[in-house]
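Work through the following exercises on aromatic contacts with the model at hand. Each task is followed by a solution in steps.

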Amino acid sequence: MNHLNHPHQTPMTSPPPGLHGRFKHDPLMVLATGVLKAWFPLWGLVSRDHQVESVNRVKQLRLVGRDVVAEDEDVVAFTFADPQGGELEPWFPGAHLDVLLPSGLMREYSLCGDPGERKTYRIAVRRIPDGGGGSKEMHDVLNIGDLVGIKGPRNAFPLAMPGFGSGAKHLRFIAAGIGITPILPMLAAADRVGLDWSMLYSGRSLASIPFRDEVTKYGDRVTIRTDDEHGLPTAADLLGPLPPDTAVYTCGPVPMLESIRRELVGRPDVELHYERFSPPPVEDGKPFTITLKSGETIGVAADETALSALLKSRPHTPYSCRQGFCGTCRVRVTDGEIDHRDSLLTEPERADGIMLACISRAAGDHLAVDL
Ligand code: FES
């Protein structure tokens, strides 16, 4: 298995995608970008800085569509547009948006529409009654016509197209339930450029599966497998017979991803790319305590994150991805040594005592934070 770590953002200086809705880089734009880089050495820098600034900026977009996309009615697709009707920032399959909810919560959702459609962004959200509140607020509070703060798109799960950045010759997509959202634009991209691909889509039942009509149009390339009919799938069921030089793209719960990862040990000819929709398990954790400004001390168990422990005492502690790549959960540590486990913070931020509470921990047995 060749497990590829995903960069947390798409390369900012690469040429934009095709001008005509194709997913290959447009030859004209490749040439134009090359000429600009050759004649204007600052072009790459200016272009990158402009784009970094634009993904970090909060845009107010209007909610123009709300559609139930699973029969059990737990999944709603939300479509946003520029209030003036302008074009939105381009994006690639695997990208997500940060949605700033009226309560102040921020949540990340994968874009699941068509990257060639430049006037709207579509995301889909499963309502999780006992979750952190973001999905309930999306479902219960947002109405057509509302203006909503949006940041992004950013891409932490890019699709490397065979022949265009990947040596793979075949693509195998595996999605479970709402994990279909980043995969859906990948299917369209792979299909549009005529790649050899297949997909296994699993879910509890047919009624719980979102966007069933949008995947069944691909015919026998897609297999839908439900637990109520076939039982829980094994990793071998999910992967199917994998020819050499296959890239696997999968999104789903941690146990499913772990079983796939284990099944691919000993397959150096297979790339594995995955995105979780829940936090990774804590590895090599030791218990420690966190002292707040008020003097209250909170215990963090060996298998618990600092963020989970903080949320018990401070339920409004901000967070979003819970995987160490959005930066929402940053806290300043005023005492104690940090075991940084993210790849997002810069050295000056670390030197300043900043820590991402969703993933990083104490190097010793105690931290004090500015909360
Ligand atoms: S919640 Fe995203 S980095 Fe911690």
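**Exercise 1.** In this predicted model, find which ring the charged end of R107 sits over.

Solution. The ring is that of Y319, and the charged end of R107 lies 4.1 Å from its centre. The cut-off for the distance is within 6 Å of the ring centre.

**Exercise 2.** Classify the aromatic pair formed by F157 and Y249, and state which parts of the chain the pair ties together.

Solution. Step one: a search of the whole structure finds 4 aromatic pairs, and F157 with Y249 is an aromatic pair with 6.0 Å centre to centre and 50° between the planes. Step two: planes under 30 degrees apart count as stacked and over 60 as edge-to-face, with the rest tilted, so the 50° of F157 and Y249 makes this pair tilted. Step three: F157 lies in the loop between β7 (147-155) and β8 (161-162), whereas Y249 is in strand β13 (residues 246-252), so the pair ties together parts 92 residues apart in sequence. Step four: F157 is buried at a relative accessible area of 0%, and Y249 also counts as buried, at 0%.

**Exercise 3.** Do the same for W197 and Y218.

Solution. Step one: the centres are 5.2 Å apart and the planes of W197 and Y218 make an angle of 80°, an edge-to-face pair. Step two: W197 belongs to strand β11 (residues 196-203) and Y218 to the loop between α5 (212-216) and β12 (222-226), so the pair ties together parts 21 residues apart in sequence. Step three: both W197 and Y218 are buried.

**Exercise 4.** Which residues form one aromatic cluster?

Solution. The cluster consists of F157, F173, W197, Y218 and Y249.

Notes:
Residues numbered from 1 in each chain as written. Predicted model: local features only at pLDDT ≥ 70, side-chain atom pairs only at ≥ 80, totals over all residues. Heavy atoms only, no water. Phe/Tyr/Trp six-rings, centres within 6.5 Å; stacked < 30°, edge-to-face > 60°. Helix = DSSP H or I, 4+ residues; strand = E, 2+ residues; numbered from the N terminus. Buried < 20%, exposed > 50% of the residue type's maximum accessible area, 1.4 Å probe, protein only. Lys NZ or Arg CZ within 6 Å of the ring centre and 35° of its normal.
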